[in-house]
Amino acid sequence: MSQKHKEDTLLEDQRAVARPPPMYRVLLLNDDYTPMEFVIRVLEYFFSMTRERATTVMLKVHNEGVGLAGVYPRDIAETKVRQVIEFAREHQHPLQCVLEEDR
């Protein structure tokens, strides 16, 4: 640290430490109407998952009611949620996508 003298007073440089932004989990919710293949397509396209990983997440959504699509800063998570919901509606599917703060 650099030091400066000013009238018999010692001053030290202070650096602010920025905390990382809070992260948000993007979740897909199960419904009885959206085809499994469509959920896999969404996971591959919007979340850049491999076919194998997308299938695993889709089965989690199907069997447990919810599956984690990804964890992002708030603005990116909100954008992904909006994109998924719009894409699902364009294809006439009721797929739900939500976000929650990651803990």
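# A tour around helix H1

Begin by selecting Phe-38, which counts as buried because its relative accessibility is 6%, in a model that, as you should keep in mind throughout, is predicted. Phe-38 has its place in helix H1, and if you leave aside residues up to four places away in sequence, Phe-38 touches Phe-87, Ala-88, His-91, His-93 and Leu-95. To get a sense of scale, select Arg-82 as well and draw a line from C-alpha to C-alpha: Phe-38 and Arg-82 are 16 Å apart in space and 44 residues apart in sequence.

Next, add Tyr-45, Phe-46 and Phe-87 to the selection, since ring pairs link these residues with Phe-38 into a cluster. A search of the whole structure finds 5 aromatic pairs. In one of them, Tyr-45 and Phe-87 have ring centres 6.4 Å apart and planes at 20 degrees, so this pair is stacked. Which parts of the chain does the pair tie together? Tyr-45 lies in helix H1 and Phe-87 in helix H3 (residues 74-90), so the pair joins parts that are 42 residues apart in sequence. Now colour the two residues by accessibility, and ask of each whether it is buried or exposed. Tyr-45 is exposed, with a relative accessible area of 61%, whereas Phe-87 counts as buried at 14% relative accessibility.

Now move to Phe-47 and Tyr-72, which form a tilted aromatic pair, with 6.3 Å from centre to centre and 40 degrees between the planes. This pair also links distant parts of the chain, for Phe-47 is in helix H1 and Tyr-72 is in strand S4 (residues 66-73), 25 residues apart. Phe-47 counts as buried at 8% relative accessibility, and Tyr-72 is buried too, with a relative accessible area of 17%.

Finally, show helix H1 (residues 36-47) together with helix H2 (residues 51-64), whose axes come within 9 Å and cross at roughly 130 degrees. Why are H1 and H2 called oblique to each other? Angles from 115 to 145 degrees fall in the oblique range, so the crossing of H1 and H2 belongs there. Turn the view until one helix lies in front of the other, and you can follow how H1 passes H2 in a right-handed crossing. To see the contact itself, display the side chains of Met-36, Glu-37, Val-39, Ile-40, Leu-43 and Glu-44 on H1, and of Arg-51, Ala-54, Thr-55, Val-57, Met-58 and His-62 on H2. Sorted by class, the contact of H1 with H2 has 7 nonpolar, 2 polar and 3 charged residues.

Conventions:
Residues numbered from 1 in each chain as written. Predicted model: local features only at pLDDT ≥ 70, side-chain atom pairs only at ≥ 80, totals over all residues. Heavy atoms only, no water. Axes fitted to C-alpha atoms, helices over the stretch in contact; angles between N-to-C directions. Helix = DSSP H or I, 4+ residues; strand = E, 2+ residues; numbered from the N terminus. Parallel < 35°, antiparallel > 145°, perpendicular 65-115°, else oblique. Left-handed = near helix turned anticlockwise from the far one by under 90°. Contact = heavy atoms within 4.5 Å. Nonpolar A, V, L, I, M, F, W, Y, C, P; charged D, E, K, R; others polar. Phe/Tyr/Trp six-rings, centres within 6.5 Å; stacked < 30°, edge-to-face > 60°. Buried < 20%, exposed > 50% of the residue type's maximum accessible area, 1.4 Å probe, protein only.
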